[in-house]
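User: Please take a close look at how the side chains and strands of this chain are joined to one another. I would like one connected account, with the cut-offs behind each term.

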Amino acid sequence: MKDNTVSVDRSESPSAIRFSDVFNAAVPFIDRHLDEGRADKTVIRTEQGDVTYRELAERVNRCGNALLALGIAPGDRVLLVIRDCPEFFYAVWGAIKAGIIPVPLNTMLRAHDYRFMIEDSTCAAMIYSPQFAAEVVPAVEAAEHKPAHLLATDGEGSLTALMAAASADLAPARTAPHDDCLWLYSSGSTGSPKGVVHAHRDSVFTSQYFGVETLGIGEDDVVFSAPRLFFSYGFGNAMTFPLWIGATAVLSDNVPTPESTFDIIERFRPTVFFGVPTLYARQLAAIETQRPDLSSVRFAVSAGEPLPAEIFRGFRDKAGITILDGIGSTEVHHIFISNTLTDARPGSTGRPVTGYE
């Protein structure tokens, strides 16, 4: 097989996914869309503006080059405390394409949490949205391990400024399917958070087996995830699934309330919505009084905790939307047991995702 390629044979059960010996995940998730004619298609929609697949590919290259120019080497970790915005995409995929390992962190943590992760990861750099400076900067100052670089996403000397001066051409690092691609820290429910290592091939499995073959997300879908990108759940929902299939993601940094999510749905008309049971319960209570237009949503997905049967029935009856409940984990990278549109039962989280054991 040609370098950086992956094949999916759906004539087999489960589908056979095969990778070239040299495989960098940034190529199929980012670069291939230009070759497949999506250069001018919108990939990210936000209240501040849209990003096309062409713009995404260019900015990913600039970001990767900017990180390499700082002296960050392939295999080094870069911690990311970045809000849900296009810069999250640029930093994650720029690092991956350069062979650097991005580590997205929960943006709601405190300085002592970040200090632990700085020391645990022995990161070479930390990149943050300016609004999180009050927790990030003290964490770096207190940490015994000092990352060589601390960058804001915006402002003088920022990642954005470095990207503007960097080349728009970047050859993908010659990584292998099983090589380390990214880390995601667990919640720490059984002790200290753990840096879960995912390989270059892992997002392909979750995107194909769950995003495509379980949910049926397609190129024409517009995806909106209330859970943030730094969660393994949101990481797949709003980034790897749309990028794998050539769809569009809607990003919002607003607190996910019934009002804010209804506003996003009415404005951007997503076809697939991802939430959690507590949000669905609040939305269901608000539907009667607010009467939002949710007609664009063809189905919704829930995870994080069991979805009560009464919420499943309420959404189906009042909004005409089926919510597919699932179970996932940071360690497995996304959902591994789920309902489907052809087999969704209230009070049940379904069956193992095809391709998983």
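**Links between side chains and between strands**

Analyst: Cys63 is a suitable starting point, because its relative accessibility of 0% makes it a buried residue (buried is under 20% relative accessible area, exposed over 50%, partly exposed in between, with a 1.4 Å probe and protein chains only). The model is predicted, with local features needing pLDDT of at least 70 and side-chain atom pairs 80 or more, while totals for chains, interfaces and linings use all residues. Residues are numbered from 1 along each chain as written, and side-chain values use heavy atoms, without hydrogens and water.

Cys85 is buried as well, at 3% relative accessibility. For Cys63, the closest cysteine sulfur is that of Cys85, and because 11 Å separates the two sulfurs they are too far apart for a bond; seen from Cys85, the closest cysteine sulfur is likewise that of Cys63, at 11 Å. A search of the whole structure accordingly returns zero disulfides (cysteine sulfur pairs within 2.5 Å).

Salt bridges, by contrast, number 18 across the whole structure (a Lys or Arg side-chain nitrogen within 4 Å of an Asp or Glu carboxyl oxygen). One of them brings together the side chains of Arg10 and Glu213, with 3.7 Å between N and O. Arg10 sits in the loop between β1 (6-9) and β2 (16-19), whereas Glu213 sits in the loop between α7 (202-212) and β11 (222-225), so this pair ties together parts that lie 203 residues apart in sequence (helices are DSSP runs of H or I with at least four residues, strands of E with at least two, numbered from the N terminus). With a relative accessible area of 54%, Arg10 is exposed, and its partner Glu213 is partly exposed at 21%.

A second salt bridge joins Glu135 to Arg110, whose closest N and O atoms are 3.3 Å apart. This pair also links distant parts of the chain, since Glu135 belongs to helix α5 (residues 133-142) and Arg110 to the loop between β6 (101-104) and α4 (111-121), 25 residues apart. Glu135 is partly exposed, with a relative accessibility of 22%.

The salt bridge between Glu36 and Arg32 has an N to O distance of 2.8 Å, and its two residues fall on either side of the burial cut-off: Glu36 is partly exposed at 44%, while Arg32 is buried at 18%. These residues also take part in a network of salt bridges that links Arg32, Glu36, Arg38 and Glu219.

Turning to the backbone, strand β9 (residues 180-185) has five of its six residues buried, so the rest of the structure largely encloses this strand. Strand β10 (residues 195-199) runs antiparallel to β9 and is joined to it by five bridges (two strands pair if DSSP finds at least two bridges between them). Within this pairing, Trp183 stands opposite Val197 of β10.

Elsewhere, nine strands form an open sheet of mixed pairing, in the order β4-β3-β12-β11-β13-β14-β15-β16-β17. Its edge strands are β4 (49-52) and β17 (351-352), each of which pairs on one side only. Inside the sheet, strand β14 (residues 299-302) and strand β15 (residues 323-328) run parallel and are joined by three bridges, with Asp325 of β15 serving as the bridge partner of Ser302.
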